[in-house]
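Biologist: Please take a close look at one helix contact and its surroundings. Which residues form it, and what lies around it?

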Amino acid sequence: MQTPELLQKNQKAPQIEDDRTATGVEALKQAILNNLFYLGGKTLDSASNQEFFSAVAYTVRDRILARWLATIDDNAKHDVRVVAYLSAEFLMGPHLANNLLNLQLRDAFQQAVVELGRDLDEIIEEESEPGLGNGGLGRLAACYMDSLATLGVPAIGYGIRYEFGIFQQKIENGWQVELTDHWLQYGNPWEIRRPHEAVEVGFGGHTESWTDSHSKYNVRWLPASLVKGIPYDTPILGYLSGRANDLRLWKSESTESFYFDRFNSGDYLGAVAGKTFAENISKVLYPNDEEIQGKELRLQQQYFFTSCALQDLIRVHLAAGRSIENFHEKWAIQLNDTHPSIGVAELMRLLVDEHGLGWDQAWKITTHSFSYTNHTLLPEALERWPLSLFRHLLPRHLEIIYEINARFLHDVSQELNDDSERISRMSLIDEHGEKYVRMANLACVGSHRINGVAELHTQLLKSDLLRDFYQLWPEKFVNVTNGVTPRRWLAVSNHEQSALMTEKIGEGWLGNLEQLKQLEKYAEDSAFRQEWRRVQRDVKARLARHILKTTGVTVDPSSIFDAQVKRIHEYKRQHLNVLHILTLYYRMKHSPDLDVTPRTFLFGGKAAPGYFMAKLIIKFINSVAHVVNNDPDIKHRLKVIFLPDYNVSLGQKIYPAADLSEQISTAGKEASGTGNMKFSMNGALTIGTLDGANIEIRDAVGHENFFLFGLTAEQVSLKLASGYLPHEIYESNAILREVIDGIAAGHFSDGDQNIFRPIVDELLTHDRYLLFADFPPYIECQNLVGEAYRNQEQWSRMSILNAARMGRFSSDRSIQEYCRNIWHMTGLIQVSGSTS
């Protein structure tokens with residue numbers, strides 16, 4: 001058997017550079033062969049594509065490490081403030097293609113891999129996707145990590161290294177089936193385990209208090225059990241910045257994995273009980289829409305990673321020779337939603353109990369360190385925990401929360417003129433019925449900034465969800481509209497369109513998305529519009545091949561690709577989309593020769609396993625698809641596709657290929673949305689309500705380039721308050737009545753009149769998300785879409801303008817606003833594209 005060195009020697013390769021850092025094609029080939037041989041124990045001829053991927057990934061990682069370590073040294077040398085981004089989810093997506101882009105080594109690796117007899121695109125497809133998030137929240141965190149590194153902002157992301165991520169989705173007989181996500185099955189070449197930086201995290205037990213000789217009150221927490229947090233580090237490389245920040249994910253392990261005394265006495269389960277308890281904490285990711293009240297494991301997870309992160313920050317802070325008293329000057333800690341808000345109580349415990357600070361000093365440090373991003377307008381999504389569970393798991397933290405609450409309520413009661421109702425609403429403890437700890441209130445009280453994620457969302461936080469806190473502290477509230485990284489969502493996922501744009505305006509737009517405005521003039525250029533359509537057809541044809549391969553259904557790339565891909569939830573109204581499909585279906589059944597603009601409806605998304613109605617909506621979509629796709633009267637004019645197991649990788653195929661983006665949530669329910677940005681950035685036109693970031697997108701791209709329908713958030717509130725009667729709309733709208741009656745009669749369920757009865761009954765009796773109210777304007781707006789698509793010249797013009805005007809929705813802009821308005825780090829932002 002020949003070693004890699006002999007293989008290269010026999011090929012008479014020229015003298016090459018160090019294969020750990022060099023970027024020439026011959027050096028890359030040698031490095032890949034070395035990693036394949038020495039790390040994988042394989043030769044080129046015997047290696048599978050998965051094994052070859054690992055060798056390529058390790059080769060890429062080698063070229064990141066020097067930048068990563070240099071970034072760490074540079075941060076320490078300049079004693080800069082660092083962002084600590086705490087998030088229960090990081091939906092990073094596959095790393096290889098993104099790292100090749102940011103290293104500017106795609107072409108070199110392409111040639112090296114081809115010369116070794118493999119196809120780089122096939123190798124990229126081999127990467128397992130880390131399913132460490134449910135959707136928007138985790139994907140936003142990933143975009144922000146990309147932008148932080150690109151802008152040169154020192155940062156570290158903290159989360160959980162879930163052994164099993166969000167479930168893999170399979171569709172059986174139209175129903176979602178959840179399968180285990182074995183994303184670590186082949187290992188993870190990007191991460192580095194750091195056991196020497198492990199920390200211990202306690203649970204349960206009791207507290208002891210005493211007054212020392214200096215009359216200082218002290219408390220000691222004596223946990224009933226301890227688990228060990230092991231950090232796994234992944235470098236997150238910036239685009240052309242020369243910097244790589246750290247994503248540190250924590251795995252839970254037992255402090256003592258095996259008890260020989262129990263084993264020897266015959267207690268075989270007891271011998272490994274500690275290991276089982278500890279490892280369960282980081283075993284699996286909870287789906288977002290699961291009912292979590294009383295779920296002990298969820299609280300364990302949130303406290304585990306938050307405590308690990310804060311202990312780690314203090315360790316680094318003190319190791320650098322700094323004083324604990326200036327902790328807040330060094331660290332800007334961002335709470336990504338309420339999941340890590342227990343960090344407010346944990347930092348107080350660490351400062352007061354472990355480091356001996358007085359309460360007032362510790363509270364100043366805490367409130368100057370934390371800032372809080374709210375991601376929801378749904379009151380039921382604001383986490384709260386039963387006091388009994390909280391006391392059982394975190395007795396010391398409950399004492400601290402009681403003390404925070406007592407001091408807070410004492411301070412504000414005078415300002416509020418003893419308004420008991422308002423004081424009760426703002427309390428950290430919900431006293432109604434079974435008592436709960438309100439985590440959002442804890443985050444608001446313990447943070448110096450509170451931000452929403454779209455202008456409408458922030459306004460609704462001020463006027464509704466967090467109104468009491470806004471009236472008390474208006475200076476705390478700011479808006480930072482979400483953004484997405486153009487590196488992944490344009491350059492990696494839509495390289496054809498990216499190449500066309502670069503050909504016209506240069507490549508600077510990847511680091512400064514506002515430069516896309518230069519494309520506006522080409523919207524009036526017929527030759528450019530033709531080239532734009534050619535690129536879009538090629539991308540749509542690629543998705544059509546994927547659809548055929550994965551579903552067996554043939555779709556027409558010249559039809560409107562009408563896409564709605566996102567988490568399945570009633571407020572996102574996937575079933576309103578289906579009502580439109582059925583409206584078209586019945587029209588065509590009544591008039592088989594009707595001239596209808598052909599459409600391919602694309603759905604994708606997962607329902608939380610315990611969310612019955614969301615899972616029923618998936619079944620509804622697939623049942624309608626079965627009827628529509630197989631009806632000879634419809635022919636190829638309508639197709640309905642549900643693409644299973646929607647994730648980042650699948651999104652990278654769908655976003656570039658869509659003609660129409662469905663952003664049809666009930667106004668006032670979606671905090672922001674980011675899929676709307678990805679679609680528009682790729683040239684899709686939007687049909688949507690005035691909800692979340694849709695409003696800002698519409699203002700940016702031009703009202704004439706956006707298909708608007710539906711009630712406003714204010715109108716939604718008024719209609720619900722005035723006694724909304726959906727049955728009256730059903731009775732008065734013949735088209736809607738025919739659709740609903742068809743569903744109820746079992747026309748789309750093989751005659752089963754019961755299966756979709758919960759959907760029909762909900763819409764007729766409650767319709768909490770106002771599908772019926774928005775149905776007539778939605779159908780009218782969809783008619784305009786169909787007519788507009790027939791004029792391909794005008795459609796292309798609108799598509800180009802959508803892409804050209806999306807500059808402000810880059811996550812780079814979002815991070816700049818966080819730095820300026822929340823973290824106070826503006827001096828650290830470097831011009832994109834510079835190196836350090």
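Modeller: The account below treats one helix pair, then the spaces around it, then two further pairs.

The model is predicted, so local features need pLDDT of at least 70 and side-chain atom pairs pLDDT 80 or more, whereas totals for chains, interfaces and linings use all residues. Residues are numbered from 1 along each chain as its sequence is written, and side-chain values use heavy atoms, without hydrogens and water.

The pair in question is helix 3 and helix 4, whose axes come within 11 Å and cross at roughly 40° (axes are fitted to C-alpha atoms over the stretch in contact, with angles from 0 to 180 degrees between N-to-C directions; helices are DSSP runs of H or I, at least four residues, and strands runs of E, at least two, numbered from the N terminus). The two helices are therefore oblique to each other (under 35 degrees is roughly parallel, over 145 roughly antiparallel, 65 to 115 roughly perpendicular, the rest oblique). Their crossing is left-handed (the near helix is turned anticlockwise from the far one by less than a right angle). Helix 3 brings Phe53, Val56, Val60, Arg63, Ile64 and Arg67 to the contact, while helix 4 brings Leu96, Asn99, Leu100 and Leu103 (heavy atoms within 4.5 Å). By class, these residues divide into 7 nonpolar, 1 polar and 2 charged.

The surroundings of helix 4 include a cavity. The whole structure holds 6 cavities of 30 Å³ or more (a 1.4 Å probe fits on a 1 Å grid but cannot get out), and the largest of them has a volume of about 130 Å³. Met92, His95, Asn98, Ile236 and Arg488 are the closest to its centre among the 13 residues of its lining (an atom within 4 Å of a point). Helix 4 (96–103), helix 7 (136–150) and strand 9 (225–237) each give two or more residues to this lining, which divides into 5 nonpolar, 5 polar and 3 charged residues.

Helix 3, in turn, takes part in a pocket. The second largest pocket has a volume of about 560 Å³ (an open set with protein on both sides within 12 Å along at least five of seven lines). Of its 25 lining residues, Ile72, Asn75, Ile156, Val316 and Trp331 lie nearest its centre. Two or more lining residues come from each of helix 3 (49–78), strand 2 (155–160), strand 10 (244–254) and helix 11 (296–319). The lining of this pocket comprises 13 nonpolar, 3 polar and 9 charged residues.

Two further pairs may be set beside this one. Helix 13 (residues 343–354) packs on helix 16 (residues 395–415) at about 100°, with the axes 9 Å apart, which makes them roughly perpendicular. Helix 13 contributes Val344, Ala345, Glu346, Met348, Arg349 and Asp353, and helix 16 contributes Arg396, His397, Ile400, Ile401 and Ile404. That contact has 6 nonpolar, 1 polar and 4 charged residues. The axes of helix 25 (residues 612–629) and helix 32 (residues 757–765) come within 10 Å and cross at roughly 110°, in a left-handed crossing. Phe612, Met613, Leu616, Ile617 and Phe620 of helix 25 meet Pro758, Ile759 and Glu762 of helix 32. Here the classes are 7 nonpolar, no polar and 1 charged (Ala, Val, Leu, Ile, Met, Phe, Trp, Tyr, Cys and Pro count as nonpolar, Asp, Glu, Lys and Arg as charged, the others as polar).

Note on methods. Grid points are joined across faces, edges and corners, and a volume is the space filled by probe spheres set on the points.
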